[in-house]
Amino acid sequence: MKAVVFEQFGQAPTIQTVADPKPTPEGVVIKVEATGLCRSDWHGWMGHDEGITLPHVPGHELAGIVVAAGNQVTRWKAGERVTVPFAVGCGRCFECTSGHHEICEHPKTPGFSAWGSYAEYVAIEHADTNLVRLPEEMEFATAASLGCRFITSFRAIVDQGRVRPGEWVAVHGCGGVGLSAIMIASAMGANVIAIDLTDAKLEFAKKIGAVATVNASTTPDVVEAVREITKGGAHMSMDALGHSTTSFNSIANLRRRGRHVQVGLMLGEHARAQVPMDQVIAFELEILGSLGMQAYRYPAIMAMIGSGKLKPELLVSKRLSLEEAPAALMAMGGFEGIGIGVVTKFQ
């Protein structure tokens with residue numbers, strides 16, 4: 001099969017012909033019909049993830065068709081249309097048996113601890129635990145866009161952030177994760193403030209549900225701006241970028257007993273960001289992390305998509321070929337463009 005491969009961290013990936021994957025007894029092989037381009041892949045390529053062994057195939061946002069299943073797989077067979085959350089679970093450890101597959105003690109994550117989906121085929125472990133059936137009417141590109149940013153934002157807003165109708169929600173960073181969060185929080189009935197450095201992203205954020213925006217490149221004090229708009233601070237706030245400044249601002253702009261959810265990966269120089277701990281104590285704030293979402297929670301998203309409350313297809317901004325993926329991967333060190341790029345052509 002053809003795949004995007006990098007043999008050294010930070011060096012240009014290339015298109016190579018590599019062996020087709022084979023399913024493990026509990027796993028499947030999926031013919032990739034679409035795979036998303038995510039900043040997390042860039043972090044992996046840069047060597048920020050210790051779980052990657054070289055040479056490596058990135059890619060963790062995928063949708064496709066099962067072409068082979070192991071002899072212990074009971075729920076899936078060849079020909080079925082599927083997607084998979086990027087944070088897969090073994091189904092057996094304490095966290096998995098407690099329902100928290102996204103923080104499995106023994107993950108085999110495509111694109112990180114296993115070869116990923118920037119390829120014609122990808123192998124997925126523990127298929128009965130991790131695969132999600134796709135509605136026939138859902139495009140593969142839309143389904144792939146759910147696999148990391150959208151489901152991560154859904155769990156961050158709905159499960160971790162516990163957003164309620166009428167609350168103020170601040171979203172710091174309007175890349176794929178942030179725009180997904182804005183759409184979801186708005187659909188939940190919240191009043192969403194979008195914060196970013198570019199007017200184009202902020203304008204798009206308003207089109208998908210934001211009721212107010214703050215341009216951090218021209219606003220002297222982002223925290224004060226959010227407090228003024230909300231008349232006291234956000235009930236829930238999310239750092240969708242993963243930067244010391246956005247993380248700090250997201251915590252500092254909360255009202256009393258507010259909830260901060262960290263979704264943007266804090267790696268490299270941002271791994272030990274400053275926290276306004278005095279405010280955390282004085283305001284009884286909550287600081288929560290959020291990593292992916294379990295496969296069994298997908299029906300909640302699918303129901304909202306089916307009803308028209310969520311339209312993730314609006315976030316798919318560009319479609320690329322596999323040959324274009326290496327350059328797109330290397331370019332992710334800068335800030336994301338508007339929406340989500342998806343590879344949809346593999347030949």
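This passage walks through a predicted model, from its open parallel sheet to a few backbone oddities.

Start with the sheet. Six strands line up in the order E10-E9-E8-E11-E12-E13, forming an open sheet with parallel pairing. Its edges are strand E10 (212-215) and strand E13 (286-289), each of which pairs on one side only. From one strand to the next, the twist averages 20 degrees. Inside the sheet, strand E11 (residues 234-239) and strand E12 (residues 254-262) are joined in the parallel sense by five bridges. Asp-239 sits opposite Gln-262 of E12.

Two helices lie across this sheet. Helix H4 (residues 140-160) covers strand E8 (168-172), E11, E12 and E13, and runs at about 155 degrees to E11. Helix H8 (residues 244-252) also lies across E8, E11, E12 and E13, in its case at about 150 degrees to E12.

H4 has a helix partner as well. In general, a packed pair of helices is described by the angle between the two axes and the distance between them. Here the axes of H4 and helix H5 (residues 176-187) come within 8 Å and cross at roughly 50 degrees. That angle makes H4 oblique to H5, and the crossing is right-handed. On the H4 side, the contact is built from Arg-149, Phe-150, Ser-153, Phe-154, Ile-157 and Val-158. H5 brings in Gly-176, Val-177, Ser-180, Ala-181, Met-183, Ile-184 and Ala-185. Sorted by type, the residues of this contact come out as nine nonpolar, three polar and one charged. As background to such lists, an α-helix has 3.6 residues a turn, so residues three or four places apart point the same way.

Elsewhere, strand E3 (28-37) has plenty of pairing to do. Eight of its 10 residues are buried, so E3 is largely enclosed by the rest of the structure. E3 runs antiparallel to strand E4 (residues 62-69), with seven bridges joining the two, and Lys-31 stands opposite Ile-65 in E4. Strand E6 (residues 121-124) also pairs with E3 in the antiparallel sense, over four bridges; there, Ile-30 has Val-122 as its bridge partner. Three bridges link E3 to strand E15 (residues 340-345), again antiparallel, and Gly-36 is matched with Val-342 in E15.

Helix H1 is tucked away too. Of the eight residues of H1 (residues 39-46), six are buried, so this helix is largely enclosed by the rest of the structure. The buried set is Ser-40, Asp-41, Trp-42, His-43, Gly-44 and Trp-45. These residues pack against E3 and helix H11 (325-330). Ser-40, one of the H1 residues, counts as buried because its relative accessibility is 13%, where the cut-off is under 20%. Leaving aside residues up to four places away in sequence, Ser-40 touches His-60, Phe-112 and Leu-265. Just after H1 comes Gly-47, with a positive phi near 90 degrees.

The loop between H1 and E4 holds Pro-55. The peptide bond from Leu-54 to Pro-55 is cis, with omega near -5 degrees. Pro-55 also turns up beside Val-5: the two C-alpha atoms are separated by 6.7 Å although the residues are 50 apart along the chain. Val-5 belongs to strand E1 (residues 2-5) and is buried, at a relative accessible area of 2%. Setting aside residues up to four places away in sequence, Val-5 touches Pro-13, Thr-14, Gln-16, Val-18, Pro-55, His-56 and Val-57.

Two more backbone oddities are worth a look. As a rule, most residues other than glycine have a negative phi, and most peptide bonds are trans. Arg-162 has a positive phi, near 50 degrees, and is found in the loop between H4 and E8. Its relative accessibility of 36% makes Arg-162 partly exposed. Lys-231 likewise has a positive phi, near 55 degrees, and lies in the loop between helix H7 (222-230) and E11. At 73% relative accessibility, Lys-231 counts as exposed.

Terms used. Residues numbered from 1 in each chain as written. Predicted model: local features only at pLDDT ≥ 70, side-chain atom pairs only at ≥ 80, totals over all residues. Heavy atoms only, no water. Axes fitted to C-alpha atoms, helices over the stretch in contact; angles between N-to-C directions. Parallel < 35°, antiparallel > 145°, perpendicular 65-115°, else oblique. Left-handed = near helix turned anticlockwise from the far one by under 90°. Contact = heavy atoms within 4.5 Å. Nonpolar A, V, L, I, M, F, W, Y, C, P; charged D, E, K, R; others polar. Pairing = 2+ DSSP bridges. Buried < 20%, exposed > 50% of the residue type's maximum accessible area, 1.4 Å probe, protein only.
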